[in-house]
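I have opened my notebook and pulled up a new model. Here is what I looked up, entry by entry.

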Amino acid sequence: MKTIVVILGTRPEAIKLAPVILELKKQPGYRVLVCNTEQQKELSNQTLSFFGINADYKLDVMRPNQTLPGVQACILSALSGIYEQNTIDATIVQGDTMTVFCGALVSFYNKVPVYHVEAGLRSYDLSEPFPEEAMRQMTARITSLHFAPTEKAAAALQKEGIPEEHIFMTGNTVIDALSCLAPETMLSAEQKLSSMGICLNDKLVLITVHRRENHGERLDRILSAVGELTSQYPDHQFVLPVHPNPNVHDKIFAALKNKPNVILTTPMDYPEIVCMMKHTKLVLTDSGGIQEEAPTFGNPVLVMRYETERTEGVEAGFAKLVGADKEVILKECSAILSQEKAATRLDGSQNPYGDGHSAERIINIIQQ
């Protein structure tokens with residue numbers, strides 16, 4: 001019996017690792033331990049429950065106004081106990097958060113191989129995104145199996161000297177997760193959105209903003225642009241699930257709470273976000289996962305970042321970088337919002353990020 005620990009801590013990690021966990025649990029001969037650092041406590045637990053997964057370990061590492069060194073110290077210390085209590089044969093992590101880096105580092109210290117899902121994403125700018133670019137580069141140095149979501153990600157790893165036999169192009173598991181949504185789940189999500197006053201029609205705009213590099217003046221410029229858009233397009237509805245970080249939450253409410261065609265919500269659960277993407281006319285985001293998911297629904301995506309490690313979507317025409325430049329955001333949003341929704345749709349079958357079978361490929365490689 002092989003024991004594999006899957007370490008996650010944020011909602012995107014929960015979404016992208018859920019198909020891997022479920023597929024791994026189907027296989028005989030494996031004991032699967034799910035560890036949630038709870039870097040995003042409510043969001044990660046809520047998402048796991050949607051997939052019917054309950055974490056074996058919940059570490060509760062976050063404290064108010066915690067520094068990055070403080071978060072790292074808490075996660076490293078908490079994870080160390082799990083490796084002391086169990087004989088672990090492999091560690092699976094996903095992405096580029098502090099949880100990912102700490103999980104890989106503790107695993108390395110215990111001489112346990114690390115399997116990295118969504119390996120090879122690069123912007124090559126350590127300040128964009130910060131601190132994620134550093135996290136994923138450092139994780140790569142101590143990873144045994146690299147599961148790259150795209151050919152470009154695999155090529156990046158090869159350029160960095162990772163042996164080719166340790167790199168596997170699998171596609172992105174986020175597309176697998178979309179297929180887990182049952183029709184009744186989507187219906188329930190639609191009903192909940194409707195009860196919140198959200199109109200699932202052709203004039204819906206989904207906005208998400210939370211990244212650390214967009215705090216401060218950048219967020220001010222973004223919110224100023226959104227405020228003008230709401231006035232220019234009063235027949236459109238702008239929905240913004242607000243991140244709980246007070247650096248983000250307080251500014252968003254101060255800027256937008258009195259706009260009649262803006263709906264500010266608490267963070268939505270996964271089915272609701274998917275339902276929003278299914279119906280939205282435009283996605284304006286600084287999130288990574290939405291850049292990958294939205295193309296499945298033919299959505300144009302404007303990315304409020306100056307660099308993206310997900311360049312495949314940009315090259316395929318699904319996404320465009322607009323940074324935190326107010327005038328650029330206004331121009332690019334207007335180019336889409338001034339048209340009928342049907343004229344803005346893209347071919348979702350050409351999503352460059354995956355085909356829904358990534359988790360199966362990953363488990364087959366692990367077994368081999």
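**Two helices that cross**

I began with helix H9 (residues 217-232) and helix H14 (residues 326-337), whose axes come within 9 Å and cross at roughly 35 degrees. The axes are lines fitted to C-alpha atoms, for helices over the stretch in contact, and the angles run from 0 to 180 degrees between N-to-C directions. Helices (H or I, at least four residues) and strands (E, at least two) are DSSP runs, numbered from the N terminus.

I noted the crossing of H9 and H14 as right-handed; that is, the near helix is turned clockwise from the far one by less than a right angle, while anticlockwise would be left-handed. On the H9 side I listed Arg221, Ile222, Ser224, Ala225, Glu228, Leu229 and Gln232, and on the H14 side Lys326, Ile329, Leu330, Cys333, Ser334 and Leu337. Contact here means heavy atoms within 4.5 Å. Sorted by class, this contact has 7 nonpolar, 3 polar and 3 charged residues. For the classes, Ala, Val, Leu, Ile, Met, Phe, Trp, Tyr, Cys and Pro count as nonpolar, Asp, Glu, Lys and Arg as charged, and the others, Gly among them, as polar.

**Ground rules**

I am reading a predicted model, where local features need pLDDT of at least 70 and side-chain atom pairs count only at pLDDT 80 or more, while totals for chains, interfaces and linings use all residues. Residues are numbered from 1 along each chain as its sequence is written, and side-chain values use heavy atoms, with hydrogens and water left out.

**Helix H3**

Next I looked at H3 (residues 68-85), which has 18 residues and reaches 27 Å from first C-alpha to last, close to the 26 Å expected at 1.5 Å a residue. The expected span is 1.5 Å times one less than the number of residues.

Which residues of H3 are buried? I found Val71, Ile75, Leu76, Leu79, Gly81, Ile82 and Tyr83. Buried means under 20% relative accessible area, exposed over 50%, and partly exposed in between (1.4 Å probe, protein chains only). These buried residues pack against strands S1 (2-8), S2 (30-36), S3 (57-58) and S4 (90-94), and against helix H4 (98-109).

At the start of H3, I saw a side-chain oxygen of threonine 67 within 3.0 Å of the backbone nitrogen of glycine 70.

**Backbone oddities**

I kept one reminder at the top of this page: most residues other than glycine have a negative phi, and most peptide bonds are trans.

The bond from glutamate 128 to proline 129 is cis, with omega near -5 degrees. Another cis bond joins phenylalanine 130 and proline 131, with omega about 5 degrees. I placed proline 129 in the loop between strand S5 (114-117) and helix H5 (132-141), and proline 131 is in the loop between S5 and H5 too.

Aspartate 60 has a positive phi of about 50 degrees although it is not a glycine. I located aspartate 60 in the loop between S3 and H3, partly exposed at 32% relative accessibility. Lysine 111, also not a glycine, has a positive phi of about 60 degrees. I found lysine 111 in the loop between H4 and S5, exposed with a relative accessible area of 79%.

**Buried or exposed?**

Threonine 47 sits in helix H2 (residues 41-50) and is buried, with a relative accessible area of 1%. Leaving aside neighbours within four places in sequence, I see threonine 47 in contact with Arg11, Ala14, Ile15 and Tyr270.

I then turned to helix H10 (residues 246-256), where I found leucine 256. Leucine 256 is buried, at 1% relative accessible area. Its C-alpha is 7.7 Å from that of leucine 223, with the two positions 33 residues apart in sequence numbering. Not counting residues up to four places away, leucine 256 touches Leu223, Val226, Gly227, Leu240, Val262 and Leu264.

Isoleucine 252 lies in H10 as well and counts as buried at 0% relative accessibility. With the sequence neighbours up to four places away left out, isoleucine 252 touches Val209, Leu223, Leu240, Val242, Lys257 and Leu264.

My last stop was proline 234, in the loop between H9 and strand S9 (237-241). Proline 234 counts as exposed, at 60% relative accessibility.

Conventions:
Polar contact = N/O pair within 3.5 Å; in protein donor to acceptor, adjacent residues only side chain to side chain.
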